[in-house]
Amino acid sequence: MAPVCSKIYDDVLDDIFRTVAKKFPEVTDWLCPITGLLMYDTVCAADKFNYECAAITEWFGQGHNWSPQTKERMKDQSLVPNQGLRDTIKAFRDFVFGTAETLTLTWEPHGMRSEVRHVTLSRDDVSRRDAMQMCQALSKFFKELDPIEDLLRRMLRGLKPPKIVVVGDESTGKSTILEMLAMLPFFPRKRRCCTRLAIHLRLRRTPGISRATLTVLSAEGEEEMSREIPQENGWLIVQEEMERLQEELFGSGKEERIIAERSIVVKVERPDVPCLDLVDLPGLTQFPEEKAEQVRKIYDRQLKDDRDSGEQCMYLAVVPASGEVRPSNNPVMKFISEEGLQDRTFGIFSKCDQNSDADVLRALALNESTEDDEPAESLGGVKLCNGWVATMQKLPPGEHFKYHNYERMYIQQKQEAEWFQTPDTPERKQHWPRLVEKNSAGIADLVPRVQNMYLRNLQVVWKEHAMLQILEKEADTELRLRLLGVEEDEEEKKKLAKQEVQRRLGSNSEVTKKMYNSFVAKVLNTDVVKQVRENLAEFAVGKCCPGHTFPKLLQQTKENLFELMELVLLQMDACMVTPVKDILVAKSELCKDGLCDFNIQTASLRLYSTGTCSSQWEVQEKLKAEPIIQLCHYKDYGDRIMKKHTDMLNERKRRLRESLETLINRLVDVDSSPYLEVASAFLDQKANELDYTDSRVIISCKCKQFVDAFLRCCLQHVPHPDQLQDLYEDISVGCETQKAREAFNRPNLRSASSNRGHRL
């Protein structure tokens, strides 16, 4: 959208306007539906809505021929200056900074409104400052940070300020809570339609600009589409995008499906918002199971993101106050408890206008007893250190509020305040004052709590974590130089290369141990033993067959065992070539195996034992004392070692083939086989039952002895890790790759390391 002129936006004027809008929601007519800011150069478009001239002109310039408010096609792009509303807004500005005691303003309606609007303002209306809305309260913390947001993102590896995440069951009013907290209408609110995917509202304080951008991201964070959207009716476009994704992924069926592999991000850049993320997640559910599984996947992804960013998220746990209220039985409180999020969670009772027991609700919200001395815990109360807030966000009547969302939100805000201040039933009159007294009545009372946690998080967690990240970034520059593993002294290079090959391929290497054990356990002790026994199973108990057929039977056995031999030889290649090649070219890099456990990893190997280095700096010191060489930078050296290994393996396979062929041939040689015996069947007949026409023979085999011999041959010729660690012998290290040499000689890398202390 078009840049916002500085004379249009003023912090003081904006704060006063918000205060006035709480009392007179109709003044939101003065906000541009596209930018969301007070208008200066007001025009009326063919859809009968008023806009800031620069904003609607750019809207048309982007090729749109439909209304930003109704999404219906506009008959033309004509713009009529609305001088009357311009004068009204100017009069308001003059009154705010003037001295007059009262001001009556009248202006023509726009959009779906038909009645003439008018307000009478007093000096007190523009002088008093009500409790701030959340965006106002948090903006002041980020005025200095926002200009260097891009720098921070690069320096701090994606470290972000805290997020506010709303969680709860379906249809509990989660989206409405976030909308009213931000006072920005971007979250879906279509009746009988639940949130189906994660929706992120990213607020970024950006002086001189007011625009909203909708982006669809894959589960891996890749951008699939992005476009600018108007702000007052942003919720409708988000809703339509959610429905489009459902139809694209699941077809046009009426059943709502959870979209776990996509998320919608709406980035709002304005001069009147903080640097803050709000996240709306689908409602928790148990049935159907497939839906519950997809919802859980989204929640798990949020929890992982929370952990990765330093556990800085704040959670709003929404529990409906309608029906029988027992927070302890609610799935959202079970989720909060199981994930250990209690200290970062704010409890919210929604739909309090549908509550039928004000005494119980007051007891649960304030962790007090009822009039009958029932403690909150016995009623299913859940104590949270950040407390609970009761809310009432009933929508005002009127179809026009589908489009006039700024007015609708301020009316809801006003209705909620009045509803708690002036209760409508005797029971509520008795208990609501206590909620008001304890600052637990309405969204407005939630804002200070969020503000306090946010500030505490910034001061205690984010600032310290940010400084640690910056220091680690500085140290990383020096570490990168050491991890290049380029050595100029030939003798030192040769020594380091020998040590590195022995570390990666020696008998103590987990890689070679795993490689050898895998071959012996899986191929020999499992597959070979099983298949040899299967081939000789009939002989083990004595196979009886016609005498003229046993040579053919033994020939088949021989062929089967030869096939097994070939399988063993193939498995030698599969088990002992790729792992050696992979570990030789693996790059050694810094890793973090625990909160205070830093190390150097080379694929699955670790250079130091667990707990040796509690910081990156300790790793640097050990690398200073005991440098390493990066074998991946010495490609020719690695290739020659690999060729030597392959040649050795081929020779071992040749010998193994010869040994096994000899063994198998001995097995089936009935004249000299130590394992096989062929005897005439009639010799076992009783004397009075002899049948000299019986030509059958019985083949018997010493199966265990043959299996042992087969395994002995294999173990004799399979390369042992002790033999791999000497592959480097008689091979010169040679030169590093050109890319490694260029990185080693890069001036900014070496100067960055030497000047680290000075810059800090």
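Two strands pair if DSSP finds at least two bridges between them. The exercises below use this definition on a predicted model.

**Exercise 1.** Which order do the strands of the open sheet of 3 strands have, and which helices pack on the sheet?

*Solution.*
Step 1. The order in the open sheet is β2-β1-β3, and the pairing is antiparallel.
Step 2. β2 (50–52) and β3 (80–81) each pair on one side only, which makes them the edge strands.
Step 3. Strand β1 (residues 42–44) is joined to β3 by 2 bridges, and the two run antiparallel. In this pairing, V43 is opposite P81 of β3.
Step 4. Helix α2 (residues 53–61) packs on the sheet, where α2 touches β1 and β2. The direction of α2 makes about 90° with that of β2.
Step 5. Helix α3 (residues 83–96) also packs on the sheet and touches β1, β2 and β3. The angle between the directions of α3 and β1 is about 150°.

**Exercise 2.** Find which residues of helix α10 (residues 331–338) are buried, and where they lie around the axis.

*Solution.*
Step 1. Buried means under 20% relative accessible area. In α10, V332, M333, F335 and I336 are buried.
Step 2. These residues lie on the same side of α10, because they cover an arc of only 155° around the axis.
Step 3. The buried residues pack against several elements, among them α9 (289–308), β12 (314–320) and β13 (345–350).
Step 4. At the N-terminal end, α10 is capped by N330, with a side-chain oxygen 3.0 Å from the backbone nitrogen of V332.
Step 5. After α10 comes G340, with a positive phi near 65°.

**Exercise 3.** Compare the salt bridges D125 with K23 and D94 with K90: how many residues apart are the partners, and are they buried or partly exposed?

*Solution.*
Step 1. In D125 with K23, the closest N and O atoms are 2.9 Å apart. D125 is in helix α4 (residues 123–127) and K23 in helix α1 (residues 11–23), 102 residues apart, so the pair links distant parts of the chain.
Step 2. D125 is buried, at 4% relative accessible area, whereas K23 is partly exposed, at 35%.
Step 3. In D94 with K90, the closest N and O atoms are 3.0 Å apart. Both residues are in helix α3, and because they are 4 residues apart, about one helical turn separates them.
Step 4. D94 is partly exposed, at 44% relative accessible area, and K90 is partly exposed, at 49%.

Notes
Residues numbered from 1 in each chain as written. Predicted model: local features only at pLDDT ≥ 70, side-chain atom pairs only at ≥ 80, totals over all residues. Heavy atoms only, no water. Buried < 20%, exposed > 50% of the residue type's maximum accessible area, 1.4 Å probe, protein only. Arc of directions from axis to C-beta. Contact = heavy atoms within 4.5 Å. Polar contact = N/O pair within 3.5 Å; in protein donor to acceptor, adjacent residues only side chain to side chain. Axes fitted to C-alpha atoms, helices over the stretch in contact; angles between N-to-C directions. Salt bridge = Lys/Arg side-chain N within 4 Å of Asp/Glu carboxyl O.
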